[in-house]
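Please walk me through this model in the viewer, saying at each stop what to select and what is found there.

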Amino acid sequence: MSRNTKINLVLLLVVAALAVLPLALGLGDHKKEPFTGADAEAETAITEIEPDYEPWFSPLYEPPSGEIESALFALQAALGAGVLAYYFGLHRGRRQGEQRALEREAGNELTGGAGKSPAERG
């Protein structure tokens, strides 16, 4: 087993532990909704500290249900991941293309012009 495979397995185990341990240890059992998002936690904390707090602005769009809100968030995450994957793939492809062009150029110099047309050689 290679070193990279071992590192990947350890990282996979750490990620699995981070996902399972809070559930297995019962973290958040004392809360009504133990695994709500940071926005809901912040809203609860603000209303506890300052009950008369008025927000500065309201959302542009309020989804009709939590499921739709979750779906929109998942769609946003998927679009962001797609854009990042395209960006990194494009740049990797360009780098590989440049490397192949340099290798081809070096190969032509070593062979003394083999593979060139007679007009290019002469």
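Where is the place of Y61? Select Y61 and you will find yourself in the loop between α2 (38-49) and α3 (66-111), in what should be read throughout as a predicted model.

Keep Y61 selected and add L60, I68, L72, L75 and L79, since these residues together form a nonpolar patch on the surface, with about 670 Å² of accessible area between them.

Now step back to the whole chain and show it as a cartoon: the protein has four helices and zero strands, and along the sequence the pattern reads α-α-α-α. Switching to a surface view, the accessible surface of the protein comes to about 11300 Å², of which 62% belongs to carbon and sulfur atoms, while buried residues make up 2% of the 122 residues.

Next, select D39, E43, E62 and E69, which gather in a patch of negative charge on the surface. Among them, E43 lies in helix α2 and, with a relative accessibility of 54%, counts as exposed.

For the last stop, turn to the aromatic rings, where the count comes to one pair. Select Y87 and F88, whose ring centres are 5.4 Å apart and whose planes stand at 70 degrees, so the pair is edge-to-face, given that planes over 60 degrees apart count as such. Colouring these two residues by accessibility shows Y87 as partly exposed, with a relative accessible area of 44%, whereas F88 is exposed, at 54%.

Key
Residues numbered from 1 in each chain as written. Predicted model: local features only at pLDDT ≥ 70, side-chain atom pairs only at ≥ 80, totals over all residues. Heavy atoms only, no water. Patch = residues over 30% accessible without salt bridge, like charges linked within 9 Å, V, L, I, M, F, W, Y side chains within 5 Å. Areas by Shrake-Rupley, 256 points an atom, 1.4 Å probe, with all protein chains shown as cover. Salt bridge = Lys/Arg side-chain N within 4 Å of Asp/Glu carboxyl O. Helix = DSSP H or I, 4+ residues; strand = E, 2+ residues; numbered from the N terminus. Phe/Tyr/Trp six-rings, centres within 6.5 Å; stacked < 30°, edge-to-face > 60°. Buried < 20%, exposed > 50% of the residue type's maximum accessible area, 1.4 Å probe, protein only. Lys, Arg positive; Asp, Glu negative; His and termini not counted. Charge placed at Lys NZ, Arg CZ, Asp CG, Glu CD.
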